[in-house]
Amino acid sequence: QVHGGRGRFGWVCFFTMVRSAGMSVIWVDSTLLLQSLTPGHMLGRVMAFDYSFANLAEATAAITAGNLVDNGYSMPSIARISGGVGMLMFVLWSMYHAFGGGAAHRKFKYGDGDGDGDGSGG
């Protein structure tokens, strides 16, 4: 039984699709950024680490949510906790970016494709 009564399952499915589409766009953008900033001889290792870390984070979130359910937390409480953690990460990353950190920094040059940032193409 889906919590919240009849007619809500369709909304859950719809917003799950919206969330998944948004995450796909974010993942594609971050993958392209990694590919443009990583030297060719390191690209396979960096992409493997990215994929492995994403799977590890997903498994950790599932285990944590399962433990919270087992300890008596309600689904809305778990959703609020998850939203709070997501908002905290957003604020921290936004502050980091606003103060000149991250891959959006001017020192990175895009377009040569070799990831070394010197514009030499090799």
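**Legends to close-up views of a three-helix predicted model**

**View 1. Phe15 is partly exposed, with a relative accessible area of 47%.** The model shown here and in the following views is predicted. Phe15 forms an edge-to-face aromatic pair with Phe14, in which the ring centres lie 5.0 Å apart and the planes meet at 75°. Phe14 is likewise partly exposed, at 39% relative accessibility. Both values fall between the 20% and 50% limits that separate buried from exposed residues, and the two residues are therefore assigned to the intermediate class.

**View 2. Aromatic pairs around Trp11.** The whole structure contains 6 aromatic pairs. One of them joins Trp11 to Phe15 in a stacked arrangement, with 5.9 Å from centre to centre and 20° between the planes. The stacked label applies because planes under 30 degrees apart count as such. Trp11 and Phe15 both belong to helix H1, which spans residues 8–37, and their spacing of 4 residues places them about one helical turn apart. Trp11 counts as exposed, its relative accessibility being 53%. Through ring pairs, Trp11, Phe14 and Phe15 are linked into a cluster.

**View 3. The largest pocket and the residues closest to its centre.** This pocket holds about 1700 Å³ of space. Its lining comprises 28 residues, of which Arg19, Met23, Ile26, Ala54 and Ala57 are the closest to the centre. By residue class, the lining divides into 18 nonpolar, 6 polar and 4 charged residues.

**View 4. Helices that supply the lining of the largest pocket.** Helix H1, helix H2 (43–70) and helix H3 (75–98) each provide at least two lining residues. The largest share, 11 residues, is that of H1. Helix H1 thus carries both the stacked pair of Trp11 and Phe15 and the largest share of the pocket lining.

**View 5. Surroundings of Gln35 in helix H1.** Gln35 is partly exposed, with a relative accessibility of 34%. When neighbours within four places in sequence are set aside, the contacts of Gln35 are with Leu43 and Met47. A C-alpha to C-alpha distance of 8.7 Å separates Gln35 from Val46, which lies 11 residues away along the chain.

**View 6. Overview of the chain for orientation.** The chain has 3 helices and 0 strands, and its elements follow the pattern α-α-α when read along the sequence. It consists of 122 residues, 10% of which count as buried. Its accessible surface amounts to about 9700 Å², and carbon and sulfur atoms account for 68% of that area. Of the contacts between residues at least 6 apart in sequence, 33% join residues at least 24 apart.

Terms used: Residues are numbered from 1 along each chain as its sequence is written. This is a predicted model: local features need pLDDT of at least 70, side-chain atom pairs count only at pLDDT 80 or more; totals for chains, interfaces and linings use all residues. Side-chain values use heavy atoms; hydrogens and water are left out. Buried means under 20% relative accessible area, exposed over 50%, partly exposed in between (1.4 Å probe, protein chains only). Contact means heavy atoms within 4.5 Å. Accessible areas come from the Shrake-Rupley method with a 1.4 Å probe; for residues, only the protein chains shown count as cover. Rings of Phe, Tyr and Trp (its six-membered ring) pair if their centres lie within 6.5 Å; planes under 30 degrees apart count as stacked, over 60 as edge-to-face and the rest as tilted. On a 1 Å grid over the protein atoms alone, a cavity is a set of points where a 1.4 Å probe fits but cannot get out, and a pocket is an open set with protein on both sides within 12 Å along at least five of seven lines; lining residues have an atom within 4 Å of a point. Grid points are joined across faces, edges and corners, and a volume is the space filled by probe spheres set on the points. Ala, Val, Leu, Ile, Met, Phe, Trp, Tyr, Cys and Pro count as nonpolar, Asp, Glu, Lys and Arg as charged, and the others, Gly among them, as polar.
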